[in-house]
Amino acid sequence: EDGVRPIQRMASPAQQGGFDAQEAAEASGASGSQVSVAAGQAAGGVEAKDGGSADIEGMKQAKVKLLRKMKMESDRFKEWRAQHSKEVLMLKRQQKQAEHQAHKFQLQLDKQQVVLKRKMEGAQTSRV
């Protein structure tokens, strides 16, 4: 041998015979129904299979329900985001129009002030 040792697998306590199915399920954090299913499977009972298929069916239904809920929430969020984007664009457009209008009024005011200044200067020169 060239100094390479084969990998040794460690047996779990359940494989070593240290736990029964109940203790193994409790150690893994399984619920009561899962514990009874595990215990029934360990004993080879037929009832555990029926209960297990009911549990699996229930989990499948819960998964479908959860997926539908997630899709609905995703769709609602997409609608909200689209509506929000429209509102932001509308507000930006309104702000740009308001700025343009304010600039237009400022130019008009500047022209009026120039005309008024010329008239005042003309009036002053005609009095002298």
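The protein has 4 helices and 0 strands. Along the sequence they follow the pattern α-α-α-α. This is a predicted model. Its mean pLDDT is 78, and 59% of the residues reach 70 or more.

**Confidence**

- Confidence is lowest in helix α1, which spans residues 13-16 and has a mean of 50.
- Confidence is highest in α4, at 92.
- Where pLDDT is low, predicted coordinates should not be read in detail.

**Surface and burial**

- The protein counts 128 residues, and 5% of them are buried.
- About 12000 Å² of the protein is exposed.
- Carbon and sulfur atoms supply 56% of that exposed area.

**Nonpolar patch**

- Leu66, Leu67 and Met70 make a nonpolar patch on the surface.
- The patch covers about 300 Å².
- Methionine 70, one of its members, is found in helix α4, which runs over residues 46-127.
- Methionine 70 has 47% relative accessibility, so this residue counts as partly exposed.
- That value fits the patch rule, because a member must have over 30% relative accessible area.

**Salt bridge**

- A search of the whole structure finds 1 salt bridge.
- Aspartate 75 forms a salt bridge with lysine 71.
- The closest N and O atoms of aspartate 75 and lysine 71 are 3.5 Å apart.
- This pair meets the salt-bridge criterion because the cut-off is within 4 Å.
- Aspartate 75 and lysine 71 are 4 residues apart in helix α4, so about one helical turn separates them.
- Aspartate 75 counts as partly exposed because its relative accessibility is 30%.
- Lysine 71 counts as exposed because its relative accessibility is 53%, and the cut-off for exposed is over 50%.

**Where to look in the model**

- Helix α4 holds methionine 70 of the nonpolar patch.
- Helix α4 also holds the pair aspartate 75 and lysine 71.

Notes: Residues numbered from 1 in each chain as written. Predicted model: local features only at pLDDT ≥ 70, side-chain atom pairs only at ≥ 80, totals over all residues. Heavy atoms only, no water. Patch = residues over 30% accessible without salt bridge, like charges linked within 9 Å, V, L, I, M, F, W, Y side chains within 5 Å. Areas by Shrake-Rupley, 256 points an atom, 1.4 Å probe, with all protein chains shown as cover. Salt bridge = Lys/Arg side-chain N within 4 Å of Asp/Glu carboxyl O. Helix = DSSP H or I, 4+ residues; strand = E, 2+ residues; numbered from the N terminus. Buried < 20%, exposed > 50% of the residue type's maximum accessible area, 1.4 Å probe, protein only. pLDDT = per-residue confidence, 0-100.
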